[in-house]
Amino acid sequence: FMKNGVTASMLAEEACGYLQATEFNYSVDMANIIIEANAMFANQKESPLLEAVELVGKCFKMDVSKAYCTEVDMDYRGRMYNVAHYGPNAQKDDINRSLVKLSVGSYVTPDSFEFKFMFEEFKDLVGKNAPELLTPAAMVAMHNSPTACLHKLLTVYASVTNPFSVIRLGGELGNVIKNNGAYMFMPAGLDAKCSGSQIYSILVGDYDMMASCGFSDRKVADPYERVAEIVKVARSTVKKPYMVVQYGGGLASLTADKEFIKSVPEGVEPIKYCKKVISAIEHVMGEKILRLRALIQTQVLAICNARNVESFKYSHIDGFVVNKTVCGKVDVTEFYSAIRYQQVDGVIDFGSKLENTGIVGISDRTPSRDEFARTFAVNYIQGLDALIARKVAVAAKEAGLDGLVSIHDCFRVAPKDVGLLKGVIQRAYVDIFIDSNPLQHLFDQLDLDSVEQGFESVLTEDMIYEEGNYFFGL
């Protein structure tokens, strides 16, 4: 395992090896449901299932009598991705996830913990606007008449944003109900609660933000909900802007986001609205997180200037070395950047701006210490996110779980193993944040002291194991 000439850590190699050993195939039943549902749209100008049908066509080339694995590799930060993949990819969209069938079956009964867990995930997929889909009769109908149910989801239930997974999981649960027990093959698991804010809050010792990110035995408004309350909009409206601002974006980033600009209330000046949203986000992020981000940027730039380099290597607590150069950006029109651009004597030649379809930033391929410093914090936080995934994967292997699907800050296992997953994640958090000090490990490399700078973790082992917490949940 080499990343830009740097050997990956032993933990990273073991984690990737374990993920690569997870065996899967595709769900023949779900593939047939998609094909049959597509036929129901034959009289329409365009079927909403064309992308799904294309993927199913690839699945049909697989041998259902065999078990498949996928190669796993990492980016420069250590985030693990499925590569050279064959068949449905569990790291991708709703269609892909609905088609993944684990080779390990899990026998589930209606009164089991596993059924209750899977039903909670089903509720989360369905959402709050379609409670009629959560009844036993509705789930049995998804098992008995899945094609008609999928057609109805696609045509009637616009609020259900993951219709394929709803049909797949609802049908498997319906089978369990109908037969008082059945095998389930769809992976299920837990997601981190606002991962970026959660990691930041642990590093700086912000109790309030930690509670908002699930270190609480009762439900607390999460960071997106807190911003939404200030701005008086829906949570979904501010989620993406929050992540943009949290990771160093500002006014230019928000004004360039066409979807977000559509949410600007009628009669309100867009720039003024964006400034209000940024102010609300920074208020919720809090002084400590903003100060840590600024301190890291300032110190990283100072080191680059002192060494006269555009970037430098640093490591995480497991020895994983990050060797990531960051290039500057130039603005080009979106229409032409989607086709091509070429660098000629420092000038981007892309044709014409007459279409004026919107300006976007793309890399100019020249390493920039300013960009390296500005984006250092986001890459570091996402690198810690990757470290958690590595630790969880190895802990799952040691606990004897039959495989794991890792989607950055989300982990999926066979239904029979869902009762073990939270404990695996908790052990990983103790190892990283209690038995080690990842921020001081970074600060040692930046010639800083976390305590002197006012950053001291308040996370305890009791908080990690507290009953009812949901720092990882559905």
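Is Cys194 buried or exposed? I looked this up first: Cys194 has 8% relative accessibility, so it counts as buried (buried is under 20% relative accessible area, exposed over 50%, partly exposed in between, with a 1.4 Å probe and protein chains only).

**Ground rules**

I am reading a predicted model, where local features need pLDDT of at least 70, side-chain atom pairs count only at pLDDT 80 or more, and totals for chains, interfaces and linings use all residues. Residues are numbered from 1 along each chain as its sequence is written, and side-chain values use heavy atoms, with hydrogens and water left out.

**Positive phi**

I kept Cys194 open on the page. Its phi is positive, about 50°, although Cys194 is not a glycine. Most residues other than glycine have a negative phi. I found Cys194 in the loop between strand 9 (188–192) and helix 9 (195–204); helices (H or I, at least four residues) and strands (E, at least two) are DSSP runs, numbered from the N terminus.

Next I went to Asn180, another non-glycine residue with a positive phi, near 55°. Asn180 sits in the loop between helix 8 (163–179) and strand 8 (182–184). With a relative accessible area of 57%, Asn180 is exposed.

**Strands 4 and 5**

I moved on to a hairpin. Strand 4 (residues 71–74) and strand 5 run antiparallel and are joined by four bridges (two strands pair if DSSP finds at least two bridges between them). Glu71 has Val83 of strand 5 as its bridge partner. Five residues lie between the strands, and Gly78 in this hairpin has a positive phi near 105°.

Which side chains of strand 5 (residues 80–83) are buried? I noted that Met80 and Asn82 point to one face and are buried, while Tyr81 and Val83 point to the other and are not.

**Helix 18**

I checked the length of helix 18 (residues 369–398): its 30 residues should span 44 Å at 1.5 Å a residue, and its end C-alpha atoms are 41 Å apart, which agrees. The expected span is 1.5 Å times one less than the number of residues.

I also saw a kink of about 45° centred on Thr375 in helix 18; the bend is the angle between axes fitted to the seven residues ending at a residue and the seven starting there. Of the 30 residues of helix 18, 26 are buried, so the helix is largely enclosed by the rest of the structure. Just after helix 18, I met Gly400 with a positive phi of about 85°.

**Rings**

How many aromatic pairs does the structure hold? I have 18 in my notes (rings of Phe, Tyr and Trp, the last by its six-membered ring, pair if their centres lie within 6.5 Å; planes under 30 degrees apart are stacked, over 60 edge-to-face and the rest tilted). Phe215 and Phe471 are stacked, because their ring centres are 4.6 Å apart and their planes are at 10°. Phe215 lies in the loop between helix 10 (207–212) and helix 11 (223–231), and Phe471 in the loop between helix 21 (461–465) and strand 18 (472–473), so the pair ties together parts that are 256 residues apart in sequence. Phe215 is buried at 7% relative accessibility, and Phe471 is buried at 0%.

I closed with Arg390, which lies over the face of Phe320, 4.6 Å from the ring centre (a charge sits over a ring if NZ of Lys or CZ of Arg is within 6 Å of the ring centre and within 35 degrees of the ring normal).
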